[in-house]
Amino acid sequence: MTDGTTPGSLRAVSPVDDADRRILAELGAGRLGGLEDLYDRYRAMAFAIALRITADATLAEDVVQDAFLGVWRHADRYVEGRGSVKTWLLSIVHHRAIDAVRRRRPSTELPDPEVPPPPQLIAADVWPEVAGRLDAIQVRAALATLSDVQREAIELAYFGGLSQTEIAERTATPLGTVKSRMRLGLLGLRRALVGEGAEPMPEAGEP
Amino acid sequence: MNLSHDDIRDLAAGFVLGALAPEEEAAVRDHLATCREPHPEIEELGGVVPYLAASVEPVEPPAGLRDRILHAAMLARPAEGGAQAELTAAPTPAPAPLPFPTAEARAARLAGRPSRVATWAMGLAAVLAIAVLGAWNLQLQARISDVEGSLAAATAYQQGVSRVLEVAAQEGSQTALLVPADPSTSAVGLAATGADGTVVISMRDLAPTSGTQVYEAWVIVGDAAPVPLGGFIVGASGTGAFSGTTALAGPGAILALTLEPGPGATTPTAPVLTVGTLAASG
């Protein structure tokens, strides 16, 4: 289907910068200084994501606290080469925030919050190459290249914690259409991001 | 559910966005955990997901959150496999049940070589008691909004702790931090004794009592046999409060709790659950 048109590989080259490396060493040694530095570095992004998802400042604080404490208690679960510290931390924040909003919707079946993502997913980290070159505005510009319905499907899932079935119900759209909007939206976002910020990336799909 | 690679392709977008039904998600996870072949669609689509977080404009959290997290982290040791916390093993409960002091242990204590636990408790009780209460209080405040049960537990525990602190504030008082002595419990609490012989104990995270069960408080002074102080019961909140009197509690005396099958025990019949050593609070 999309094999020939898939944008190039975005594999991480240097997933952890020196500051992250030092933070990880401190966390690994159980020193609170590492947690302080981690917090000072990423608190605003962590809080912003939690707030966007929960739309509740108190709940967002709880989520951020849980996420940082999770990192503190399980720093040994971080695997270098499988993504930046930022991605790791923010994915935990995201996961816990979604968990928190789903908990408020009793009809939703909850996934086990402690199940770590499979390595295939952790490995897919493109942040380090482009994080320095892409700011929120550029990422939003990339999102803006998607059709409204694609963006809506992705955002309802990622920020709303809705399942594909719930999105189909809410938007009165057939399930298959929702699935395909998500897939095409993610592929489109990827293409836009590679174009925006990652010029030096090898275009493996287009030799 | 057995999935083909075509199924995985079909489910990949929903999977990386966490939008599958639980049984679909479990099936994809099972497949990925056992299938050695590459799954480029998962990586291709999954690699985009972190950018969604980057599309959010950073928002400064409230200033108090930093301290709350650090306080809580001080109490939450990194898990097994992680390294020791900065407080070096201080908050680590003794791994094995702590029996009542044997004759040898008592002799050793009399000879000026107190047990490891006793030394630790005496040295840190006063400082940790306040830190533990403060940080736990903060943690609870953070969770009260969505955990109704915690509110009752917090209120009960705080009332108990208030009584302990009132006694601890008196001249000539002693305090002890009660920590788990048996792997079956994570109960902790505070105790204080006044110069007039008052003993107050406030505990949290105790298993609820049932039937005629009671938690019995004991005081052990030097070489003597444990002396019962009295019992109390614990409801679903897990908090327990005890107040009584004793003429025995002085610096170095050990306070212990056991779960007895009925009230009125004169000698412990069950393992010590939590233990602490009294030290001058002033």
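What follows is a conversation between a colleague and a modeller about one predicted model.

Colleague: Which elements make up chain A, helices or strands, and how many of each are there?

Modeller: This is a predicted model, in which local features need pLDDT of at least 70 and side-chain atom pairs count only at pLDDT 80 or more, while totals for chains, interfaces and linings use all residues. Residues are numbered from 1 along each chain as its sequence is written, and chains are lettered from A and ligands numbered from 1 in the order in which they are written. Helices (H or I, at least four residues) and strands (E, at least two) are DSSP runs, numbered from the N terminus. On that basis, chain A has ten helices and zero strands.

Colleague: In which helix of chain A is confidence highest, and in which is it lowest?

Modeller: Confidence is given as pLDDT, the predictor's confidence in each residue, from 0 to 100. Chain A averages 77, with 69% of the residues scoring at least 70. Between the two extremes asked about, the highest mean is 95, in helix 8 (residues 148–158) of chain A, and the lowest is 45, in helix 6 (residues 127–131) of chain A.

Colleague: How are helix 3 and helix 4 of chain A oriented to each other?

Modeller: Helix 3 (residues 57–73) and helix 4 (residues 85–103) of chain A pack at an angle of about 135°, with their axes 9 Å apart; axes are lines fitted to C-alpha atoms, for helices over the stretch in contact, and angles run from 0 to 180 degrees between N-to-C directions. Angles under 35 degrees count as roughly parallel, over 145 as roughly antiparallel, 65 to 115 as roughly perpendicular and the rest as oblique. Helix 3 and helix 4 of chain A are therefore oblique to each other.

Colleague: Is Glu166(A) buried, partly exposed or exposed, and why?

Modeller: Glu166(A) belongs to helix 9 (residues 164–171) of chain A, and its C-alpha is 9.9 Å from that of Val178(A), although twelve residues separate the two in sequence. A residue is buried if 20 or more other C-beta atoms, placed from the backbone, lie within 10 Å of its own, exposed if 12 or fewer, and partly exposed in between. Because Glu166(A) has 19 other C-beta atoms within 10 Å, this residue is partly exposed.

Colleague: What percentage of the residues of chain A count as buried?

Modeller: The same count of neighbouring C-beta atoms, with its cut-off of 20 or more, applies to every residue. Of the 207 residues of chain A, the share that counts as buried is 48%.
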